[in-house]
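Student: Could you take me through one salt bridge in this predicted model, residue by residue, and then show me how it sits among the other charged pairs and the odd backbone spots?

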Amino acid sequence: MLDPATIVAAPAPGRACGTCTLCCKVYDVPAVESAAGQWCRHTRQGRGCAIHATRPDHCRAFHCLWMTEGWLGPEWKPERAKMVLSLDPVSRHMNVQVDPGQPNAWRREPYYGQLKRWAVASLPRQRHVLVHLNKSTTVVLPDRDVALGEFGPQDRLVIRERPGPGGLAFEVEKVRAA
């Protein structure tokens, strides 16, 4: 399995975390006993990490899509959007980690419309937009959103297209890891 800590993406020119620390709340980071949905105990909100110089490799290597992709506008900065975007290095699914303090942030505009457009553009490549709220995952499809429940690292998503009365419809199946 690919270790995310070994993938280092460089920030886009002019991008910096600044006062944003949302990644310190929405991800599990076992190395510092931090659980998704709760602020890491080392976070100094609005100021950054209290152990910045010695933070785990997983944290050191991570940059959200807003940091690495200069084409994402300021509305996508996590502290403003209330969600953190990333690409899975293996599946290339877009992961949207939502701040549990703002659980419907992803359903607001301009975010929801753009997530839908990304869902449409990703389907031909068998990539998907996955919204995570703590341990619960929803897949965003062109025609609807499907709650998957808990979606673990070894789980797989199978989506089949079929003709429907209003155009293509999609069947979704979560395949549990053995």
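Tutor: Start with Asp145, which is partly exposed at 21% relative accessibility. The cut-off for buried is under 20%, so Asp145 at 21% falls in the partly exposed class. Its side chain meets that of Arg107 in a salt bridge, 3.3 Å from N to O. This pair links distant parts of the chain: Asp145 belongs to strand β7 (residues 145-150), Arg107 to the loop between β4 and α5, and 38 residues separate them.

Now the other partner. Arg107 also counts as partly exposed, at 43% relative accessibility. Leaving out residues up to four places away in sequence, Arg107 touches Tyr112 and Asp145. To get a feel for distances, take Ala61: Arg107 is 46 residues from Ala61 in sequence, and their C-alpha atoms are 29 Å apart in space.

There's a bit more to this pair, too. Salt bridges with shared partners put Arg107, Lys116 and Asp145 into one network. As background, side chains of opposite charge can pair when their charged atoms come close. By the rule used here, the count for the model comes to ten salt bridges.

Two of the other bridges are worth setting beside it. One is between Arg176 and Asp155, whose side chains meet at 3.0 Å, N to O. Arg176 sits in the segment after β9 (167-175) and Asp155 in the loop between β7 and β8 (156-164), so this bridge ties together parts 21 residues apart in sequence. The accessibilities of the two ends are worth a look: Arg176 is exposed, with a relative accessible area of 51%, whereas Asp155 is buried at 5%. The cut-off for exposed is over 50%, so Arg176 at 51% makes it into that class.

The other is the bridge between Glu79 and Lys77, with 3.5 Å from N to O. Here Glu79 is partly exposed, with a relative accessible area of 31%, while Lys77 is buried at 16%. You'll find Lys77 in the loop between α3 (65-68) and α4 (78-81). Setting aside neighbours within four places in sequence, Lys77 is in contact with Ala16, Cys17, Cys20 and Trp66.

Back to the loop that holds Arg107, between β4 and α5, for the backbone. Pro110 is found in that loop as well, between β4 (94-98) and α5 (111-122). The peptide bond joining Glu109 and Pro110 is cis, with omega about 10°. For context, most peptide bonds are trans, and most residues other than glycine have a negative phi.

That second point brings in two more residues. Arg92, not a glycine, has a positive phi of about 70°. Arg92 lies in the loop between β3 (83-87) and β4, and is partly exposed with a relative accessible area of 36%. Gln126 also has a positive phi, near 60°. The place of Gln126 is the loop between α5 and β5 (129-133), and at 65% relative accessible area Gln126 is exposed.

So if you're clicking through it, try this order: Asp145 and Arg107 for the bridge you asked about, Lys116 for the network they share, then the cis bond between Glu109 and Pro110.

Key: Residues numbered from 1 in each chain as written. Predicted model: local features only at pLDDT ≥ 70, side-chain atom pairs only at ≥ 80, totals over all residues. Heavy atoms only, no water. Helix = DSSP H or I, 4+ residues; strand = E, 2+ residues; numbered from the N terminus. Buried < 20%, exposed > 50% of the residue type's maximum accessible area, 1.4 Å probe, protein only. Contact = heavy atoms within 4.5 Å. Salt bridge = Lys/Arg side-chain N within 4 Å of Asp/Glu carboxyl O.
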